[in-house]
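Notebook open, coffee poured. Here is what I looked up in this structure, entry by entry.

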Protein chains: 2
Amino acid sequence: MALEHAILVSLLEKPGSGYELARRFERSIGYFWTATHQQIYRVLRRMEGDGLLAVREVPQQSRPDKKEYTVATPGRRALSAWLHEPVEPESIRHELAVKIRGAAFDDPAALISEVERHRKAHDDRLRRYLTGERRDFTGPEAPRPLDVGQELQHVVLRGGIAFERMTIAWLDDVLDTLHGLSAARSGT
Amino acid sequence: MALEHAILVSLLEKPGSGYELARRFERSIGYFWTATHQQIYRVLRRMEGDGLLAVREVPQQSRPDKKEYTVATPGRRALSAWLHEPVEPESIRHELAVKIRGAAFDDPAALISEVERHRKAHDDRLRRYLTGERRDFTGPEAPRPLDVGQELQHVVLRGGIAFERMTIAWLDDVLDTLHGLSAARSGT
DNA sequence: CATACCATGTAAATAGTTACATGATTCC
DNA sequence: GGAATCATGTAACTATTTACATGGTATG
């Protein structure tokens, strides 16, 4: 299960609560894995039961107390073991692509606004990634030289940026295609 | 559930058995959705029970008989309805990226062979896609002009090609980074 | 005073994976 | 004789999503 491993990596980078993990899954970890708070809380409890994590109750003033999780030695070992095992190269799952092929059996032009909406969402994400990249890795405020962990975080972020750029370019291709089909239909 | 919709699209393109669908999910549909035969058989039965699909027993000689599924009118309507609803822009899930960030807590150089293996898998997939593109859409054997369904299939395939190319370029970036880290560690 | 944020969970349903199972035919 | 292809499935488990639930604090 990659969620367990993603949690181990995130907690090794910095210990934190389920809530904090959920927030990280919306941001930095989010560009390669997603999870909701419900799932995170459940997996945290299991991992703690398995001895992979240690918990510490942290009392807070003017905020609810929280449980701070840290990676225990067996957790570190489990991550190491996984890193040395091969994982299957991933295939994509893209609902919008299903829709695009499905549009052949409906009105292709009706899909244009949906594709535009997706294009905007990816464009927003790209901007967020680029802002984060300047802040943490390439801007004047960024530490220099970067340590090993930061270099690796940066190369993963570059992957996220490349993915969003590719997706935006492809969605433009899709929009051109859909417009072309409407024009042809109504007689060039 | 996108698997249902992917099945509807595939069966509209061409009716077929569960086995045939499973094979398509390894090929053409595979570049935007995956499913195993076990899952497909289960969903097919449910969809038939819901009246979305019609079945026909097809006797065959020198092969086991098969059940050929066709999309029924309610199935067509369900697909139409879904096409007009918005779906959430997808986030990626990439186990290898989890590993790359995890490598900071282990030996980054140990990941090189794993990344190379993934690079090769994506390169193989790209070659298959390009062969399919020439055969079905751009080669001299391809029909011309393409109909609406073929244009849409082609733009989705171009998405798969763009994804594989982007991934390969990114994995090269990852390999450079990993090599750079090893060189720096052993003292430049 | 309403909204957003902090913080943690339960319950139910659906989706997806992995292991097991069968049996005929074709190709090397 | 063994492996691959055609064809369909059951059972068990794991992962993920969605809906519901609570309650305090800070901000405009």
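**Cores.** I start with a term: a nonpolar core is a set of buried Ala, Val, Leu, Ile, Met, Phe, Trp, Tyr and Cys residues joined through side-chain atoms within 4.5 Å. Buried means under 20% relative accessible area, exposed over 50%, and partly exposed in between, with a 1.4 Å probe and protein chains only. The largest nonpolar core holds 53 residues, and A:Ile7, A:Leu11, A:Phe25, A:Phe32, A:Leu44, A:Leu53 and B:Ile100 touch the most other members. Helix α1 of chain A, residues 2-13, gives the most to this core, with 8 residues. Apart from it I found another core, of 52 residues, including A:Leu111, A:Val115, B:Met47 and B:Val71. In soluble globular proteins, nonpolar side chains tend to be buried together.

**Ground rules.** I am working with a predicted model, where local features need pLDDT of at least 70, side-chain atom pairs count only at pLDDT 80 or more, and totals for chains, interfaces and linings use all residues. Residues are numbered from 1 along each chain as its sequence is written, chains are lettered from A and ligands numbered from 1 in the order in which they are written, and side-chain values use heavy atoms, with hydrogens and water left out.

**A:Leu44.** What is A:Leu44 in contact with, leaving aside its neighbours within four places in sequence? I listed A:Ile7, A:Leu11, A:Gly18, A:Leu21, A:Leu53 and A:Tyr69, where contact means heavy atoms within 4.5 Å.

**DNA strand C.** I counted a residue as near a strand if one of its heavy atoms lies within 4 Å of it. For DNA strand C that gives 24 residues, and the closest are A:Gln60, A:Lys67, A:Arg93, B:Met1 and B:Gln39. They divide into 7 nonpolar, 8 polar and 9 charged; here Ala, Val, Leu, Ile, Met, Phe, Trp, Tyr, Cys and Pro count as nonpolar, Asp, Glu, Lys and Arg as charged, and the others, Gly among them, as polar. Sugar or phosphate makes up 64% of the strand C atoms within 4 Å of the protein, and bases the rest.

Next I checked polar contacts, pairs of N or O atoms within 3.5 Å. A side-chain N or O atom of A:His37 is 3.2 Å from a base oxygen of strand C, and a polar side-chain atom of B:Arg42 lies 3.0 Å from a base oxygen. The side chain of A:Arg93 goes to a phosphate oxygen instead, at 2.9 Å.

**DNA strand D.** Here, too, I found 24 residues, with A:Met1, A:Gln39, B:Gln60, B:Lys67 and B:Arg93 coming nearest. Sugar and phosphate account for 66% of the strand D atoms within 4 Å of the protein. By class, this surface has 6 nonpolar, 9 polar and 9 charged residues. A polar side-chain atom of A:Gln38 lies 3.0 Å from a base nitrogen. Phosphate oxygens of strand D are 2.7 Å from a side-chain N or O atom of A:Gln39 and 3.3 Å from a polar side-chain atom of A:Arg46.

**B:Gln39.** Back to one of the residues closest to strand C. B:Gln39 is found in helix α3 of chain B; helices here are DSSP runs (H or I, at least four residues) and strands are E runs of at least two, numbered from the N terminus. B:Gln39 is partly exposed, because its relative accessible area is 29%.

Technical notes: Polar contact = N/O pair within 3.5 Å; in protein donor to acceptor, adjacent residues only side chain to side chain.
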